[in-house]
Amino acid sequence: MRCDKWLWQARFFKSRTLAAKAVQGGIRLSGEKTDKPNRSVRVGDVLTFQQGRTIRVIRVEALGTRRGPAAEAQTLFTDLDPPQPKPKTGPKTGPKTGKAPPPGAERPKGAGRPTKRERRQLDKLHGTDDVI
């Protein structure tokens with residue numbers, strides 16, 4: 001089976017064109033460098049290729065007949081490189097997204113524009129809380 005077709009069927013790339021471009025960029029197939037998408041892949045071959053910013057090392061366990069669901073695609077290979085831990089964004093994260101708040105979202109008390117709660121407290125202090 002063609003190398004680019006197998007990478008596409010194993011769901012490493014969203015399209016065969018992207019898989020072919022990755023192969024043309026250079027991959028290692030059982031220790032030999034290749035840049036031809038039509039290079040044959042056999043069971044037991046070890047593929048080393050770049051996927052995004054990570055280097056993947058994969059052993060071919062089976063040749064697929066179609067591009068099936070993800071569960072079926074995971075039976076086609078064994079990942080020889082252990083998964084890398086994802087970097088943490090920082091000590092403080094937003095409540096919903098888990099991402100760090102944008103710069104300027106956190107402001108020290110008493111600096112800048114008052115919040116709605118602080119404005120209500122100021123209005124109550126000055127006696128202007130009943131004004132519409």
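**Exercise 1. Which residues form one aromatic cluster?**

Before we start, note that this is a predicted model, in which local features need pLDDT of at least 70, side-chain atom pairs count only at pLDDT 80 or more, and totals for chains, interfaces and linings use all residues. Residues are numbered from 1 along each chain as its sequence is written, and side-chain values use heavy atoms, leaving out hydrogens and water.

*Step 1.* Recall the criterion: rings of Phe, Tyr and Trp (its six-membered ring) pair if their centres lie within 6.5 Å; planes under 30 degrees apart count as stacked, over 60 as edge-to-face and the rest as tilted.

*Step 2.* Collect the pairs: the structure holds 4 of them. One of these joins Phe-12 and Phe-77, a tilted pair with 4.7 Å from centre to centre and 50° between the planes.

*Step 3.* Read off the cluster: its members are Trp-6, Phe-12, Phe-13, Phe-49 and Phe-77.

**Exercise 2. Work out which parts of the chain the pairs of Phe-12 and Phe-13 tie together.**

*Step 1.* Phe-12 sits in the loop between α1 (3-9) and α2 (16-24), while Phe-77 belongs to strand β5, so their pair ties together parts that are 65 residues apart in sequence. Helices (H or I, at least four residues) and strands (E, at least two) are DSSP runs, numbered from the N terminus.

*Step 2.* Check burial, where buried means under 20% relative accessible area, exposed over 50%, and partly exposed in between (1.4 Å probe, protein chains only). Phe-12 is buried at 6%, and Phe-77 counts as buried at 17%.

*Step 3.* Turn to Phe-13 and Phe-49: with ring centres 6.0 Å apart and planes at 50°, this pair is tilted. Phe-13 lies in the loop between α1 and α2 and Phe-49 in strand β3, so the pair ties together parts that are 36 residues apart in sequence. Both Phe-13 and Phe-49 are buried.

**Exercise 3. Lay out the strand order of the open sheet.**

*Step 1.* Begin with the inventory: the protein chain has 4 helices and 5 strands, following the pattern α-α-β-β-β-β-α-β-α along the sequence.

*Step 2.* Pair the strands; two of them pair if DSSP finds at least two bridges between them. For example, 2 bridges join β1 (residues 27-29) to β3 (residues 46-51), and these strands run antiparallel. Leu-29 has Leu-47 in β3 as its bridge partner.

*Step 3.* Write the order: the open sheet of 5 strands reads β2-β1-β3-β4-β5, with antiparallel pairing. Its edge strands, each pairing on one side only, are β2 (32-34) and β5 (77-79).
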